[in-house]
Amino acid sequence: MVSCTSISDAYPVEAQLLKTFVAVARLGSFSAAAIELGYTQAAISQQIAALESDLKVPLLNRRPVTPTEAGARLLEHAEPILLRLDAARADVTRMTRPPSAALIVSATPLAAGTSPLPLALSALRRRMPRLDVTVGTGTRAQVLTAVARGDLDLGLTDGLAARGDPLPEFASLTAVGISQVGVAVVLARDHPLAGRASLRLTDLADARWIEAPGVAAPLSEIRRLAGVEGFRPAFRYDGSDTLSLIGLAAAGHGLVLLPETALTVTGISAVPVTTPRVVHRVELVHGTLRAGSPAADLADLLAPRG
């Protein structure tokens, strides 16, 4: 006779307990998590206690509510696990639901402004004049998460990469490269390097930089691609408007690295970066697409030809 371990014994940590733990850790409050999840505070406390009992280790400090060392490690695993569960549910729904008369797309600001999305949408609406289209913008993490969870039909993301390399995307998503262009540094016109024909990133490691997480690549990403330390922020921009960011850099508040195709503003100083061979890459990301759906047609229109 073969003895098999039951699923409940093999996987004692239930998804709902993980979801509750993530909510409490993110909000730093049992009561706030109870409101968000629709439980009583007592039920939230019981779920956290059950999870700690399963793992036999405290996961949250109570006053203030913060993850313990073990809790922080669990959080690193829990968020991707929950996202994969949401992505699996969304993928099955995409395959089985009837064709929609609506299309929801979101893009990072630079992907929206430097990709063929507007022209592709025009072509799609000529094919489907009654189609209801909604286009939004968000950060890279927001777009990827929303596509994985099925809140978006398609997403466009951008980032820096070595020439020919893809961007790191969620394993549950399909990613297709849409464009790949050179990058340039925006400097004040009186900056000592403004007259150069080209620049190496390593020459700029000790310069003043603008951290603009809603638009430009994180400075940590630039640091990694350059292979040197430095690239410290002297100014922070929390908006999502590319022109405002360019204006701040041109006024001397710090340097910013942008795709050459985004630098159409006259009167600014922008110098191409030639070493290392870094490019700005835009990718289309999506889950399963039903043939003949608006999302599948738009993906086809955005796919590079040749």
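1. Axes here are lines fitted to C-alpha atoms, for helices over the stretch in contact, and the angles between N-to-C directions run from 0 to 180 degrees. The model under review is predicted.

2. On that basis, α2 and helix α3 (residues 30-37) have axes that come within 8 Å and cross at roughly 125 degrees. The angle falls outside 65 to 115 degrees and is not over 145, so the two helices are oblique to each other. The crossing of α2 past α3 is right-handed.

3. On the α2 side, the contact with α3 is made by Lys-19, Thr-20, Ala-23, Val-24, Arg-26 and Leu-27. The α3 side supplies Phe-30, Ala-32, Ala-33, Glu-36 and Leu-37. Sorted by class, this contact has 7 nonpolar, 1 polar and 3 charged residues.

4. The other pairing to note is that of helix α2 (residues 15-27) with helix α4 (residues 41-55). Their axes come within 9 Å, with a crossing angle of roughly 110 degrees. Since angles of 65 to 115 degrees count as roughly perpendicular, α2 and α4 are described that way. The crossing of α2 and α4 is left-handed.

5. In the contact of α2 with α4, Gln-16, Leu-17, Thr-20, Phe-21 and Val-24 come from α2. They meet Ile-44, Gln-47, Ile-48, Ala-50, Leu-51 and Asp-54 in α4. By class there are 7 nonpolar, 3 polar and 1 charged residues in the contact of α2 with α4. Thr-20 and Val-24 are listed for α4 and also for α3.

6. Val-65 ties into this region from strand β2 (residues 65-67). With neighbours within four places in sequence left aside, Val-65 is in contact with Val-24, Gly-28, Ser-29, Phe-30 and Leu-60. Of these, Val-24 belongs to the α2 side of the contact with α3, and Phe-30 to the α3 side.

7. Is Val-65 buried or exposed? Its relative accessibility is 14%, and because buried means under 20%, Val-65 counts as buried. The C-alpha atoms of Val-65 and Val-92 are separated by 36 Å, with the two positions 27 residues apart along the chain taken as their spacing.

8. For the chain as a whole, there are 11 helices and 12 strands. The C-alpha atoms fill a box of roughly 75 × 50 × 40 Å along the principal axes. Of 306 residues, 43% count as buried. The exposed area is about 16,000 Å², of which carbon and sulfur atoms supply 54%.

9. Contacts between residues at least 6 apart in sequence were also sorted by separation: 75% of them join residues at least 24 apart.

Definitions and conventions. Residues are numbered from 1 along each chain as its sequence is written. This is a predicted model: local features need pLDDT of at least 70, side-chain atom pairs count only at pLDDT 80 or more; totals for chains, interfaces and linings use all residues. Side-chain values use heavy atoms; hydrogens and water are left out. Helices (H or I, at least four residues) and strands (E, at least two) are DSSP runs, numbered from the N terminus. Angles under 35 degrees count as roughly parallel, over 145 as roughly antiparallel, 65 to 115 as roughly perpendicular and the rest as oblique. A crossing is left-handed if the near helix is turned anticlockwise from the far one by less than a right angle, and right-handed if clockwise. Contact means heavy atoms within 4.5 Å. Ala, Val, Leu, Ile, Met, Phe, Trp, Tyr, Cys and Pro count as nonpolar, Asp, Glu, Lys and Arg as charged, and the others, Gly among them, as polar. Buried means under 20% relative accessible area, exposed over 50%, partly exposed in between (1.4 Å probe, protein chains only). Accessible areas come from the Shrake-Rupley method with a 1.4 Å probe; for residues, only the protein chains shown count as cover.
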